[in-house]
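Could you go through the charged side-chain contacts of this model with me, one pair at a time?

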Amino acid sequence: MGDKTNDQYIHAQPDTTLNHNSPYYIHASDYPRQMHVSETLTDSNYLDWSQEMINFLFAKNKTGFIDGTIKKPDTSAAEYMNWMRCDAMIKGWLNTTMEKEIRNSVKYAGTTEEIWKDLKERFGKQSAQRAYEIKQILTTTRQDEVSVSTYYTKLRVLWDEL
């Protein structure tokens, strides 16, 4: 009877690491040093890099780790180790996609949320300067001899970035 009670308890506690919809789920093919975005973060491509990284993390159901909506549990909480494992995996994903100098500047951050905030604070400020540059480009962009489709695509890329 004791075994049955333990068995019932084990099955009553859902293992969030096995639930594909759980933010704690890590697929067997995931590992920290995977390259998941097409660009390495440099001093000049934060907006593109961060958008790609957000898309990747969204697909993996992990954006809550970088935006702070999935808080680090207390060390006594049941999900603490799952949270730590996922946070370490995301750190690896972020670090793999950064230039060495940038990676070295965030390697002692405690969580992926801290890394994300640090990068946003440092590189996100360039967006005001970039917005001004895009507005300048938009005012001087002409169709000239390209097709309407090509011209529209060029404008659309600029508008989307702005």
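The questions and answers below deal with salt bridges and their surroundings.

This is a predicted model, in which local features need pLDDT of at least 70 and side-chain atom pairs count only at pLDDT 80 or more, while totals for chains, interfaces and linings use all residues. Residues are numbered from 1 along each chain as its sequence is written, and side-chain values use heavy atoms, with hydrogens and water left out.

Reader: How many salt bridges does the structure hold?
Author: A salt bridge here is a side-chain nitrogen of Lys or Arg within 4 Å of a carboxyl oxygen of Asp or Glu. By that criterion, the number of salt bridges in the structure is four.

Reader: How many residues apart in sequence are the parts that Asp30 and Lys60 tie together?
Author: The closest N and O atoms of Asp30 and Lys60, which form a salt bridge, are 2.7 Å apart. Asp30 lies in the loop between helix 1 (2–12) and helix 2 (46–59), and Lys60 in the loop between helix 2 and helix 3 (63–67), helices being DSSP runs (H or I, at least four residues) numbered from the N terminus. The pair therefore ties together parts whose separation in sequence is 30 residues.

Reader: What is the relative accessible area of Asp87, the salt-bridge partner of Lys91?
Author: Lys91 and Asp87 lie four residues apart in helix 4 (residues 80–96), about one turn of the helix. Lys91 is partly exposed at 22%, where buried means under 20% relative accessible area, exposed over 50% and partly exposed in between (1.4 Å probe, protein chains only). Asp87, by contrast, is buried, with a relative accessible area of 3%.

Methods. Helix = DSSP H or I, 4+ residues; strand = E, 2+ residues; numbered from the N terminus.
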